[in-house]
Amino acid sequence: MNRYSRQLTTDPNTNGDANTLMNMQPDAVILATGATPLRPDIPGIDRKCVATAEDVLTKRTKVWGTVVVVGGGMVGCETAEFVLTRVEGVDRVVIVEMLGRIAGDVPATSRPFFLARLEKEGVEIHIHTTVKEITEGGVRVDCKGDPQFIEADTVVLSVGFEPDSRLARGLEGRVSELYAVGDCLKPRTIREAMAEGFTVGMKV
Ligand SMILES: Cc1cc2nc3c(=O)[nH]c(=O)nc-3n(C[C@H](O)[C@H](O)[C@H](O)COP(=O)(O)OP(=O)(O)OC[C@H]3O[C@@H](n4cnc5c(N)ncnc54)[C@H](O)[C@@H]3O)c2cc1C
């Protein structure tokens, strides 16, 4: 990289692996590889009827019938609303959340409107409820010590994200200036990703 050059080249089609990047002989690498969905260690997690919220929102995976969304954070709630209102063949959506409230990470100013939309669309909500097993016909849950079964044709996981540090591991010790910004440091929001990108961009 020529530090005095102001030219920016982008290549949206390259899946950057550590060796390809090292062949470019970079003076600095800024990683902004984002985060990957968490997959909790629940029996039945690898069944065909299970997808991640990311897969569903990007239409990589199809859901139908009764959909149980595991996790009632902002992403889970948005996914529930999306499948109920925008995906053909979905007739019932149930959010299962182990905490005592859903959408806790939605800003307080918009949360009431967000919750009202879910209620209006008829999304069913089970709080204080933990998924224990995913079976072919639904999910076994525990609601305050009471074992229950919720029928489901498809199950959508939305239980959080973890930093995508695969590229970081391949580059460690190989480049003199290595930075990570945004969700690949810690999954948060666009605000932090932009702020960190700006700070590091100004530094290199
Ligand atoms: C469903 C959903 C809704 C959200 N809603 C909001 C919201 O309303 N407000 C908000 O502030 N935040 C929201 N967030 C969080 C926000 O999207 C992230 O915090 C933000 O996008 C992080 O930016 P980033 O640049 O770190 O990572 P990302 O935006 O995830 O970008 C990472 C990019 O790196 C690419 N990549 C990864 N590895 C490689 C590689 N080896 N080579 C080349 N490219 C690679 C990926 O394909 C991806 O395009 C939401 C997240 C989700 C999942």
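A residue is called buried when its relative accessible area is under 20%, exposed when that area is over 50%, and partly exposed in between. By this criterion, buried residues account for 35% of the 204 residues in the chain of the present structure, which is a predicted model. The C-alpha atoms of the chain occupy a box of roughly 60 × 35 × 35 Å along the principal axes. The secondary structure consists of six helices and 12 strands. Of the contacts between residues at least 6 apart in sequence, 70% connect residues at least 24 apart.

The domain assignment divides the chain into domain 1, which combines residues 18-36 and 162-203, and domain 2, which covers residues 39-159. A distance of 31 Å separates the C-alpha centres of domain 1 and domain 2.

One open sheet contains five strands in the order E3-E10-E4-E5-E6, and its pairing is parallel. Strands E3 and E6 (124-126) form the edges of this sheet; each has a single partner strand, so one side of each remains without a neighbour in the sheet. Neighbouring strands of the sheet are turned against each other by 25° on average, with direction ignored. Within the sheet, strand E4 (residues 65-70) and strand E10 (residues 154-157) pair in the parallel sense through four bridges. Val-70 is placed opposite Leu-157 of E10.

The edge strand E3 comprises residues 50-52 and includes Thr-52. Thr-52 has a relative accessible area of 7% and is therefore buried. Apart from neighbours within four places in sequence, the residues in contact with Thr-52 are Pro-37, Arg-39, Val-156 and Leu-157. Leu-157 thus appears both as a contact of Thr-52 and as the residue opposite Val-70.

At the other edge, strand E6 contains His-126. His-126 is partly exposed because its relative accessible area is 24%, a value that falls between the limits of 20% and 50%. When residues up to four places away in sequence are not counted, His-126 touches Val-94, Ile-95, Val-96, Glu-97 and Ile-150. His-126 and Asp-91 are separated by 35 residues in sequence, and their C-alpha atoms are 17 Å apart in space.

Helix H3 (residues 74-86) lies across E4, strand E5 (90-96) and E10, and runs at about 170° to E5. The length of H3 agrees with expectation: at 1.5 Å a residue, its 13 residues should span 18 Å, and the C-alpha atoms at its ends are 17 Å apart. The expected figure is 18 Å because the span is taken as 1.5 Å times one less than the number of residues. The buried residues of H3 are Gly-76, Cys-77, Thr-79, Ala-80, Glu-81, Phe-82, Val-83 and Leu-84. Their cover includes helix H2 (53-57), E4, E5, helix H4 (111-121) and E10.

A second open sheet is built from three strands in the order E7-E8-E9, with antiparallel pairing. Strand E7 (129-134) and strand E9 (146-151) are its edge strands, and each of them pairs on one side only. The twist from one strand to the next averages 30° in this sheet. E7 and strand E8 (residues 138-143) pair in the antiparallel sense over five bridges. Glu-133 has Arg-140, in E8, as its bridge partner.

Strand E7 also holds Thr-129. With a relative accessibility of 2%, Thr-129 counts as buried. Beyond residues up to four places away in sequence, Thr-129 touches Val-96, Glu-97, Met-98, Val-141, Asp-142 and Cys-143. Val-96 and Glu-97 are among the residues touched by Thr-129, and they are also among those touched by His-126.

The cysteines were considered with regard to disulfides. A disulfide is a covalent bond between the sulfur atoms of two cysteines. The structure contains zero disulfides. In the case of Cys-77, the closest cysteine sulfur belongs to Cys-143 and lies 17 Å from the sulfur of Cys-77, which is too far for a bond, because a disulfide requires the two sulfur atoms to be within 2.5 Å. Cys-77 has a relative accessibility of 0% and therefore counts as buried. Cys-184 likewise counts as buried, at 10% relative accessibility.

How values were computed:
Residues numbered from 1 in each chain as written. Predicted model: local features only at pLDDT ≥ 70, side-chain atom pairs only at ≥ 80, totals over all residues. Heavy atoms only, no water. Helix = DSSP H or I, 4+ residues; strand = E, 2+ residues; numbered from the N terminus. Buried < 20%, exposed > 50% of the residue type's maximum accessible area, 1.4 Å probe, protein only. Contact = heavy atoms within 4.5 Å. Domains from an automatic or database assignment. Pairing = 2+ DSSP bridges. Axes fitted to C-alpha atoms, helices over the stretch in contact; angles between N-to-C directions.
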